[in-house]
Amino acid sequence: MTAPRLRLYAHPFSSYCQKALVALYENATPFDYRSLEQAGNNAELAALWPMKRFPVLADGERTVLEASCIIEYLQLHHPGPVRLIPDDPDAALEVRMLDRFFDNYVSTPQQKAVFDAIRAEADRDPCGVREARAMLETSYAWLDARMASRTWACGDGFSLADCAAAPFLFYADWTHPIDPRFANVHAYRERLLARPSFKRAVDEARPYRGYFPLGAPDRD
Ligand SMILES: N[C@@H](CCC(=O)N[C@@H](CS)C(=O)NCC(=O)O)C(=O)O
């Protein structure tokens, strides 16, 4: 058997990597998982992308950065039966907009709170963390109203936006619990957790839960 052409540099516990993994698993796309738990793969990642952020996808000589762009790239060059970006340009715009929402207004404040906790006491930014937590509250409220009438972020079809929502809401709830009054967000998060592609990513990340700086809750 020939080795898959695609190489994904990723860590199973990373939310952005899970976002790309969900897309790969949705379409059962063959790829070589270059786990960053293995030191040699970190050196390869650094050679491809000096920022050393992950995930990074390599396809032959081509390097693709950023989880959203990886998902776009997969649909263009390695499509499968699940269309994560709709063909209709207007529907695609809505999907990309929600993808940006989950990245900028859920993941970014969630990571702010987590990374602050691993800084030395003197370097912490309590005001920034308060602002991040307030942003998460606003995001939960906005999303709750939106999800009252939808199964997935953009309606009936699972999309790029749901690939983002799954890991970002997963860790956001661990970091800044979603209030029970946001029942539509909780129900959406549960649907995402039940989706086989994301369930697989969550299960693969289980051995690393000890890495969560705020302490992983005993659930999910
Ligand atoms: N904008 C990037 C963000 C990627 C990112 O921040 N990944 C984290 C892991 S979840 C990372 O690389 N952390 C290591 C570091 O910051 O050095 C994307 O959408 O892929």
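1. A good place to start is the hairpin of E3 and E4: Gly60 takes a positive phi near 60 degrees there, and 2 residues lie between the strands. Strands (E, at least two residues) and helices (H or I, at least four) are DSSP runs, numbered from the N terminus. Residues are numbered from 1 along each chain as its sequence is written. Please keep in mind that this is a predicted model, in which local features need pLDDT of at least 70, side-chain atom pairs count only at pLDDT 80 or more, and totals for chains, interfaces and linings use all residues.

2. Now for the two strands of that hairpin. Strand E3 (residues 56-59) and strand E4 (residues 62-65) are antiparallel partners with 4 bridges; two strands are said to pair if DSSP finds at least two bridges between them. Val56 has Leu65 of E4 as its bridge partner, and Ala58 stands opposite Thr63 in E4.

3. The hairpin belongs to a wider sheet. In total 4 strands make an open sheet with mixed pairing, in the order E2-E1-E3-E4. At the edges are strand E2 (32-35) and E4, each of which pairs on one side only. On average, neighbouring strands of this sheet are turned by 20 degrees against each other, direction ignored.

4. Strand E1 (residues 6-10) deserves a closer look. With E2, strand E1 pairs in the parallel sense over 4 bridges, and here Ala10 stands opposite Ser35 while Tyr9 stands opposite Arg34. With E3, strand E1 pairs in the antiparallel sense, again over 4 bridges. In this second pairing Arg7 has Ala58 as its bridge partner, and Leu8 stands opposite Leu57.

5. How many of the residues of E1 are buried? The count is 5 of 5, so to speak of E1 as mostly covered is fair; a residue is buried if 20 or more other C-beta atoms lie within 10 Å of its own, exposed if 12 or fewer, and partly exposed in between, with C-beta atoms placed from the backbone. In a regular strand the side chains alternate between the two faces of the sheet. On one side of E1 are Leu6, Leu8 and Ala10, on the other Arg7 and Tyr9, and all of these are buried.

6. Turning to the helices, H1 (residues 15-26) and H6 (residues 160-175) pack at an angle of about 145 degrees, and their axes are 8 Å apart. Axes are lines fitted to C-alpha atoms, for helices over the stretch in contact, and angles run from 0 to 180 degrees between N-to-C directions. The residues of H1 that meet H6 are Ser15, Gln18, Lys19, Val22 and Ala23, and their counterparts in H6 include Cys163, Pro167 and Tyr171. Residues are in contact if their C-beta atoms, placed from the backbone, lie within 7 Å. The residues of this contact divide into 8 nonpolar, 2 polar and 1 charged; Ala, Val, Leu, Ile, Met, Phe, Trp, Tyr, Cys and Pro count as nonpolar, Asp, Glu, Lys and Arg as charged, and the others, Gly among them, as polar.

7. H4 (residues 89-117) and H5 (residues 126-147) make a second helix pair, packing at an angle of about 150 degrees with their axes 9 Å apart. Among the H4 residues that meet H5 are Tyr105, Pro109 and Asp116, and among those of H5 are Val129, Arg133 and Leu136. This contact divides into 8 nonpolar, 3 polar and 3 charged residues.

8. Which residues touch the most other members of the largest nonpolar core? They are Ala20, Ile71, Ala161 and Ala165, in a core of 58 residues. H6 gives the most to this core, with 11 residues. A nonpolar core is a set of buried Ala, Val, Leu, Ile, Met, Phe, Trp, Tyr and Cys residues joined through C-beta atoms within 7 Å. Leaving aside neighbours within four places in sequence, Ala165 is in contact with Phe102, Ala153 and Leu192.

9. Finally, Phe115 lies in helix H4. Phe115 counts as partly exposed because 13 C-beta neighbours lie inside 10 Å. Its C-alpha atom is separated by 9.6 Å from that of Leu214, 99 residues apart along the chain.

Key: Contact = placed C-beta atoms within 7 Å.
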